[in-house]
Each structure stands twice: as C-alpha cells, then as structure tokens.
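Reader: Pick one part of this model and give me a close look at it, please. I'd like the parts around it tied in as you go.

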Amino acid sequence: MTWTVAPERFDTPDATLLRRDYYDEVASRYWERPATEREIDEGLAGDGVELLTAPTGEFFVGRYGGKPASCAGLLMVDGTTAELTRVYVRPAFRSTGGGGLLLAAVESAARDCGARRLRLDTRNDLVEARGLYAKHGYREVPAFNGGPYAEHWFAKEL
C-alpha cells in the first residue's frame, strides 16, 4: 500500500468525511465523551474552512491505498507566514508514514505561496499530533494567538 497526498476542495465527499472525523476526534477528546452528530455539525458550521481555498489557502487529502485517510489545511496569514490547520490522520492509518507526507505537501504548498514560516497551535491532549510535529522539525514557540483551545504553539522555518 502507498500514500498519495493532493490538494482537494474541502467540500468533496471524502474531504467532508475526513473533516467530520477530525472534529469528532478533537471534540470527543476535549469533552472526554463521544461527540454527538449535532455537536459535530455545530462545530463545523462557520469554522472558516472556506479560507482553505486559493488565494488564502488550500486543503489536502491523503489516501492510503486509494482510501481517504488524512487531511490538512494551509492558511496564509500574510505574505511570509502560513498556518497549518485541521491536521488529521485516521487512527487506522497512523504510524504508516502518512502524517509526514501530509506535512511535506503542506510545507511545499506554503513555500510556493511565498511563506517562509509555517506555524500551528494545538492542545495538550493531542499527544500524537505534537509528536508528529516535533518529529518533522516543528519547534515550540511563544504563543502567537489566544485561541480558547490553544495550549502549545509550534513553528517551522521553511
């Protein structure tokens, strides 16, 4: 089995399912209980995903053996800074190398957009994500936002 990662509109059926799975996991972990369908719908409503299209960003879908398995978003903050967002690898596909390929695709797109730095924020409970970022050269940096769910901030010079 092999991984492929490519840009894809955020509203395709596969991208939509991945975004729902992403929100289900992060919300369920945060609330320490399974998120309901209604909570997932509410969380995705008005979440700004439309910014993950040109010229402000891009959305990526990773497939393992042709099956949708991961996603990530790129959001340009300004001419030289971009943010990594909505990074998700379905649990069944973790530890297969897809997370690193997903990050590499987003980093390449950010460079193509003129970004020299890619940053992100995450939470304490998203241990796997923090490990992925550290493994691929992201370093913890001082807080760059005051988001209600931001507890760790990372950046990588491109």
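Author: Quick bit of vocabulary before we start: helices (at least four residues) and strands (at least two) are DSSP runs, numbered from the N terminus. With those labels, Pro 55 falls in the loop between H2 and E2. Keep in mind that this is a predicted model. The peptide bond joining Ala 54 and Pro 55 is cis, with omega at about 5°.

Step back along the chain from that loop and you get to the part I'd look at closely, the pairing of H1 with H2. H1 covers residues 13-31 and H2 covers residues 37-44. The loop between H1 and H2 holds Glu 32, which isn't a glycine, yet has a positive phi of about 60°.

How do the two helices sit against each other? Their axes come within 10 Å and cross at roughly 110°. Angles of 65 to 115 degrees count as roughly perpendicular, so that's the word for H1 and H2. On the H1 side, the residues making the contact are Arg 19, Arg 20, Tyr 23, Asp 24 and Trp 31. H2 answers with Glu 37, Glu 39, Ile 40, Asp 41, Gly 43 and Leu 44. Sort the contact residues by class and you find six charged, four nonpolar and one polar.

H1 has another job on our tour, too: the largest pocket. About 1400 Å³ of space lies in that pocket, and 48 residues line it. Tyr 22, Val 26, Arg 86, Val 87 and Leu 126 are the ones nearest its centre. H1 and H2 each give two or more residues to the lining, as do strand E4 (81-89), helix H3 (98-112), strand E5 (117-122) and helix H4 (127-135). The largest share is from H1, with nine residues. As for chemistry, the lining has 23 nonpolar, 14 polar and eleven charged residues.

One last stop, back at E2 (residues 57-64). The count of aromatic pairs comes to seven. Trp 3 and Tyr 64 make a tilted one, 5.3 Å centre to centre with 50° between the planes. Trp 3 belongs to strand E1 (residues 3-7) and Tyr 64 to E2, so this pair links distant parts of the chain, 61 residues apart.

Methods:
Residues numbered from 1 in each chain as written. Predicted model: local features only at pLDDT ≥ 70, side-chain atom pairs only at ≥ 80, totals over all residues. Heavy atoms only, no water. Axes fitted to C-alpha atoms, helices over the stretch in contact; angles between N-to-C directions. Parallel < 35°, antiparallel > 145°, perpendicular 65-115°, else oblique. Contact = heavy atoms within 4.5 Å. Nonpolar A, V, L, I, M, F, W, Y, C, P; charged D, E, K, R; others polar. 1 Å grid on protein atoms, 1.4 Å probe; cavity = no way out; pocket = protein on both sides within 12 Å on 5 of 7 lines; lining within 4 Å. Points joined across faces, edges and corners; volume = space filled by probe spheres on them. Phe/Tyr/Trp six-rings, centres within 6.5 Å; stacked < 30°, edge-to-face > 60°.
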